[in-house]
Amino acid sequence: MHTKAVSAQALVGQNVLLPTGSTVKLSTTDLDNLMQALDIDVIALTEILVPHGHRVEFGTIDAPGIHYNLSGVGRISINGGPTMPLRPHLLIIVPPNTPFTIEVDGGSGPPKLISKECWTRQDGILRVAVPNEQPEIVQICGFFNASFGQSVRLFGELGVPVIEQFEPADKIDLKLREAMDELMQQEVGVGAMTASLLKQIVVSLVRRSVKSSQRWTERFSILADRQVTRAFADMVARPGAAHSVQSLAHSAGFSRSAFMARFSDIFGQSPMVILRALRMRQAAIDLTTTTMSIDVIAHNAGYESRSSFVRAFRKAYERDPSDYRRMAKDGEARKDI
C-alpha cells in the first residue's frame, strides 16, 4: 500500500461539522465535573509489533481505541483514508467501527500482511507480531467504552480521529504498560485498575485540549454545544438535585422548547431519560461503596419515595437494590455500573 501521506493536522481537520454555539469554549469547571463522573470499561488491550516490510490490518470493532506508538516510524491509514506518519509518542483515538492499517517500509515490493496465525492471546492481551523478526513499530492499543451512566458514550459519535503528539515526560506509555501488566497478573481489582489507568489517559487528553488551540473536545457531539453541555455537566455533577426541564433550560439559557429540541438532537434522548440513567449510576455506586440505607440512597438519587426508586432501579439493572448490594459483596455488581 503506497498512498499519499498527509500530516496529522490535515487528517484531523477533515469532515468536522460543529453545531451552532460550538465556537464558545467549554469551561474548565464543566469539563472537570464531566471527567470526574466518566466511567471507563476496558474491552481489550492489544500489543502491535510491526517489522520492516510488513503491515497489519484491523477490521471494525464496536468500541473506540486508544493507539499509542511507543517506538518506531511507519504509517497508519484510518478507515481507508490517506496514510499518516507514525512516530514515537503519537496518540490516536480511533472512532468505533473504524478499520485501520499500520505498515512499515522495507525489503522489496509492498509490505507483507501479518497473517492471523501471528496473532496470539495471553492473559487477556492480544499480541500481533512476526516470529523471529525485530519490530520497528511497537504500539499499544486499548479498546474501551467511556460513558456517563448507561446511556451517554463520550466517544460513541466521534466522527474523526483524535490525534495528539505527546512526549516521554507525559508518561502515557508507562500508564499503558502498567495496564497491560495488570491484565497479565490477573490480581483482585484488575478491571478497576486498568479502567483507572485508561481514564488517566483520557484526562491527559482533556488537559491537553484545554491548553491547545485545536480543542478536540469540541468535536464530540455531546461536548460541542457549550450551553447544552453546561446543563448536562450540572446533571452529571448533581444527579440527585431537583432538576426539571425548565430549570435545565434556564441553566443552558434557552426556552423550554428550544432546550428540549437541542438536547434531544445532541443526546438522542430527552433530558429526563438521561437524568434517570445518571441517577441510577449514582445509586449503584452508593449501594456498592457505602452502608447507607436504601431510603437514604433513594433520596440522594432524587426520589421522594422508596417504591418509585426501586422500580426505576429494577428497570435499569434488572434486580432490586438490596439484591444488587448483596451481589456486590461477592464482586459481581460493580461491573454493571
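**Exercise 1. The five-stranded sheet**

Determine the strand order of the open sheet of five strands in this predicted model, and state which strands form its edges.

*Solution.*

Step 1. In the predicted model, the order of the open sheet reads β5-β4-β7-β2-β8, and the pairing is mixed.

Step 2. Strands β5 (83-86) and β8 (112-113) are the edge strands, since each of them pairs on one side only.

Step 3. Consider next the contacts of β7. Strand β4 (residues 74-78) and strand β7 (residues 100-104) run antiparallel and are joined by four bridges. Within this pairing, serine 77 stands opposite threonine 101, and isoleucine 78 has phenylalanine 100 as its bridge partner.

Step 4. Strand β2 also pairs with β7 in the antiparallel sense, over five bridges. Here glutamate 57 has threonine 101 of β7 as its bridge partner.

**Exercise 2. The environment of strand β7**

Establish how many residues of β7 are buried, and which way their side chains point.

*Solution.*

Step 1. A residue counts as buried when its relative accessible area is under 20%.

Step 2. Five of the five residues of β7 are buried, so the strand is largely enclosed by the rest of the structure.

Step 3. Phe100, Ile102 and Val104 point one way from β7, whereas Thr101 and Glu103 point the other way. Burial applies to both sets.

**Exercise 3. Strand β3 and its partners**

Identify the strands that pair with β3, and give the number of bridges in each case.

*Solution.*

Step 1. Strand β6 (residues 90-94) pairs with β3 in the antiparallel sense over four bridges. Histidine 67 has isoleucine 92 of β6 as its bridge partner.

Step 2. Strand β11 (residues 135-148) runs antiparallel to β3 and is joined to it by six bridges. In this pairing, isoleucine 66 stands opposite glycine 142 of β11.

Step 3. Six of the seven residues of β3 (residues 65-71) are buried, so this strand is largely enclosed by the rest of the structure.

**Exercise 4. Aromatic pairs**

Classify the geometry of the pair Phe58 and Trp119 and of the pair Phe313 and Tyr324, and locate their residues in the secondary structure.

*Solution.*

Step 1. A pair of aromatic rings is described by the distance of the centres and the angle of the planes. Ring centres must lie within 6.5 Å; planes under 30 degrees apart count as stacked, and over 60 as edge-to-face. By this rule there are 12 aromatic pairs.

Step 2. Phenylalanine 58 and tryptophan 119 have ring centres 4.9 Å apart and an angle of 25° between the planes; the pair is stacked. Phenylalanine 58 belongs to strand β2 (residues 54-58) and tryptophan 119 to strand β9 (residues 119-122), so that this pair links distant parts of the chain, 61 residues apart. Phenylalanine 58 counts as buried because its relative accessibility is 7%.

Step 3. The rings of phenylalanine 313 and tyrosine 324 have centres 5.3 Å apart and planes at 85°, so this pair is edge-to-face. The former residue lies in helix α11 (residues 306-317) and the latter in helix α12 (residues 321-328), so the pair ties together parts that are 11 residues apart in sequence. Phenylalanine 313 is buried, at 0% relative accessibility, and tyrosine 324 is buried with a relative accessible area of 0%.

Step 4. Two further arrangements involve aromatic residues. Lysine 116 lies over the face of tryptophan 119, at 4.8 Å from the ring centre. Phe148, Phe232, Phe259, Phe263 and Phe267 form one aromatic cluster.

**Exercise 5. Internal cavities**

State how many cavities of 30 Å³ or more the structure holds, and describe the lining of each.

*Solution.*

Step 1. Rolling a probe the size of a water molecule over the atoms shows where empty space is left. The structure holds two cavities of 30 Å³ or more.

Step 2. The largest cavity contains about 50 Å³ of space. Its lining includes Gly59, His67, Val94, Phe100 and Phe143. By class, seven nonpolar, four polar and no charged residues line this cavity.

Step 3. The second largest cavity contains about 30 Å³ of space. Ala37, Val236, Pro239, Leu278, Arg281 and Gln282 form its lining, which by class has four nonpolar, one polar and one charged residues. Helix α9 (residues 271-289) supplies the largest share of this lining, three residues.

Step 4. Leucine 278 lies in helix α9 and is buried, with a relative accessible area of 4%. The C-alpha atoms of leucine 278 and serine 151 are separated by 8.5 Å, although these residues are 127 residues apart along the chain.

Conventions
Residues are numbered from 1 along each chain as its sequence is written. This is a predicted model: local features need pLDDT of at least 70, side-chain atom pairs count only at pLDDT 80 or more; totals for chains, interfaces and linings use all residues. Side-chain values use heavy atoms; hydrogens and water are left out. Rings of Phe, Tyr and Trp (its six-membered ring) pair if their centres lie within 6.5 Å; planes under 30 degrees apart count as stacked, over 60 as edge-to-face and the rest as tilted. Helices (H or I, at least four residues) and strands (E, at least two) are DSSP runs, numbered from the N terminus. Buried means under 20% relative accessible area, exposed over 50%, partly exposed in between (1.4 Å probe, protein chains only). A charge sits over a ring if NZ of Lys or CZ of Arg is within 6 Å of the ring centre and within 35 degrees of the ring normal. Two strands pair if DSSP finds at least two bridges between them. On a 1 Å grid over the protein atoms alone, a cavity is a set of points where a 1.4 Å probe fits but cannot get out, and a pocket is an open set with protein on both sides within 12 Å along at least five of seven lines; lining residues have an atom within 4 Å of a point. Grid points are joined across faces, edges and corners, and a volume is the space filled by probe spheres set on the points. Ala, Val, Leu, Ile, Met, Phe, Trp, Tyr, Cys and Pro count as nonpolar, Asp, Glu, Lys and Arg as charged, and the others, Gly among them, as polar.
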